[in-house]
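Please open the structure in the viewer and keep the sequence at hand. The tour proceeds by successive selections, each followed by a description of what is found there.

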Amino acid sequence: MKAKKIIIDNRPKFKLQIDEKTTVTVRSAFALKSWQERYPDAKIID
């Protein structure tokens, strides 16, 4: 039986708080930029 290959994702994670209830996690700077354009009051959380 073949062993499962472990996949490691080294991309950075950005957590973006849109409002007090909604938090979005994105993996690329392009996605972060597009979310910030749609929601200018969003804050980056780490």
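Select residues 14–17 and residues 23–26, which are strand 1 and strand 2 of this predicted model. The two strands run antiparallel and are joined by 4 bridges. Within this pairing, Lys 15 has Thr 25 of strand 2 as its bridge partner. Follow the chain from strand 1 to strand 2: the connection is a hairpin of 5 residues.

Next, add residues 43–45, which form strand 3. Strand 3 is antiparallel to strand 1, and 3 bridges join the two. To locate this pairing, select Leu 16 and Ile 44, since these residues stand opposite each other.

With the three strands displayed together, in what order do they lie in the sheet? The order is 2-1-3, in an open sheet with antiparallel pairing. Strand 2 and strand 3 are the edge strands, each pairing on one side only. From one strand to the next, the twist averages 35 degrees.

Now select residues 29–38, helix 1, which packs on the sheet. Helix 1 touches strand 1, strand 2 and strand 3. Viewed against strand 1, the direction of the helix makes an angle of about 5 degrees with that of the strand.

Remain on helix 1 and select Ser 34, which lies within it. Is Ser 34 buried or exposed? Ser 34 counts as buried because its relative accessibility is 19%, and the cut-off for burial is under 20%. Display its side chain together with the backbone of Ala 31: a polar atom of the Ser 34 side chain lies 2.8 Å from the backbone oxygen of Ala 31.

Finally, turn to the nonpolar residues. Which residues make up the largest nonpolar core? Select Leu 16, Ile 18, Val 24, Val 26, Leu 32 and Ala 42, 6 residues in all. In soluble globular proteins, nonpolar side chains tend to be buried together. Centre the view on Ala 42, a member of this core. Apart from neighbours within four places in sequence, Ala 42 is in contact with Leu 16, Gln 17 and Ile 18. Of these contacts, Leu 16 and Ile 18 also belong to the core.

Methods: Residues are numbered from 1 along each chain as its sequence is written. This is a predicted model: local features need pLDDT of at least 70, side-chain atom pairs count only at pLDDT 80 or more; totals for chains, interfaces and linings use all residues. Side-chain values use heavy atoms; hydrogens and water are left out. Two strands pair if DSSP finds at least two bridges between them. Axes are lines fitted to C-alpha atoms, for helices over the stretch in contact, and angles run from 0 to 180 degrees between N-to-C directions. Contact means heavy atoms within 4.5 Å. A nonpolar core is a set of buried Ala, Val, Leu, Ile, Met, Phe, Trp, Tyr and Cys residues joined through side-chain atoms within 4.5 Å. Buried means under 20% relative accessible area, exposed over 50%, partly exposed in between (1.4 Å probe, protein chains only). A polar contact is a pair of N or O atoms within 3.5 Å; within protein, one must be able to donate a hydrogen and the other to accept it, and residues adjacent in sequence count only if both atoms are side-chain atoms.
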